[in-house]
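Welcome, and thanks for taking a look at this chain. Below is a short tour that begins inside the fold and works outward.

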Amino acid sequence: KTNAKMSFASSLLSGIVAVIAAFNGCGIWSLAIQVVLQGFIRVVLLWVFVRLYPTTGFFLERIRQMFSYSSSLLINSLFYQLSSRIYTWIIGKNFSMSDVGYYEQASKLNNIPQSLIGGSLQTVGFSVLSKLDTEEKVKSIFRKFLRISVFVSFPVAMQTIVSAESIVGIISERWEPIIPYLQLLAIRWGVYPSLYLINALLQAI
């Protein structure tokens with residue numbers, strides 16, 4: 001719960017600051033502000049509530065203990081990064097550099113609510129699912145999380161499609177060409193938080 005609260009708080013606060021920055025003429029820099037500030041706030045909250053501080057030293061035995069589990073997470077993360085970046089490579093090979101730029105900016109803008117909701121669901125989902133001891137309980141709780149995910153993500157996705165022009169207009173009129181990209185990516189985002197939950201399930205079992 002603490003981890004989920006920190007994820008939600010960092011995403012919410014950084015999102016509010018990014019919107020304020022956009023209204024004050026920061027343009028596309030407001031997205032960069034959101035990403036950097038989200039990480040900074042999360043680190044501060046970890047220091048305050050979890051008392052997580054870096055220490056010096058290298059413990060090989062701990063690496064051996066966690067390798068079998070962490071290696072699968074590493075492979076999963078690498079696969080996710082590769083699959084998410086391959087679209088940019090395909091667009092760059094077949095279209096102009098401006099199309100690549102528009103797609104990238106639309107993707108960054110679309111990732112703000114995705115990281116806010118999906119990240120929180122994954123954190124809470126992993127924490128809860130990993131403590132369950134029977135398959136039936138895991139299935140039951142996972143279905144509940146899935147319903148919550150759909151209940152939240154689909155309305156947000158539909159609202160993004162409808163309000164894409166207004167959202168982009170807040171940032172800068174120069175980025176109007178990203179509107180159709182943002183609308184298309186919003187369709188994907190409607191189901192994307194469910195993938196976060198599936199990832200949490202695979203980590204927990």
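In this predicted model, a good place to start is alanine 106, which, apart from its neighbours within four places in sequence, is in contact with Ile178, Tyr181, Leu182 and Leu185. Ala106 also belongs to the largest nonpolar core, a set of 15 residues, where Ala106, Leu109, Val168, Ile178 and Leu182 touch the most other members. Three elements give two or more residues each to this core: α4 (97-129), α5 (135-171) and α6 (179-189). Of these, α4 supplies the largest share, with five residues. A second core, separate from that one, has twelve residues, including Leu116, Leu121, Leu129 and Phe145. As general background, nonpolar side chains in soluble globular proteins tend to be buried together.

Now for the chain as a whole. What secondary structure does the chain have, helices or strands? There are seven helices and zero strands, so read from the N terminus the elements run α-α-α-α-α-α-α. Among contacts between residues at least 6 apart in sequence, 74% join residues at least 24 apart.

Here are some overall values for your notes:

| Property of the chain | Value |
|---|---|
| Span of the C-alpha trace along its principal axes | about 55 × 40 × 35 Å |
| Share of the 205 residues that count as buried | 35% |
| Accessible surface | about 13,300 Å² |
| Part of that surface belonging to carbon and sulfur atoms | 69% |

Finally, a look at charge: the chain carries 17 positive and 9 negative side chains, and the centres of the two sets are 11 Å apart.

Key
Residues numbered from 1 in each chain as written. Predicted model: local features only at pLDDT ≥ 70, side-chain atom pairs only at ≥ 80, totals over all residues. Heavy atoms only, no water. Helix = DSSP H or I, 4+ residues; strand = E, 2+ residues; numbered from the N terminus. Buried < 20%, exposed > 50% of the residue type's maximum accessible area, 1.4 Å probe, protein only. Contact = heavy atoms within 4.5 Å. Areas by Shrake-Rupley, 256 points an atom, 1.4 Å probe, with all protein chains shown as cover. Lys, Arg positive; Asp, Glu negative; His and termini not counted. Charge placed at Lys NZ, Arg CZ, Asp CG, Glu CD. Core = buried A, V, L, I, M, F, W, Y, C linked by side-chain atoms within 4.5 Å.
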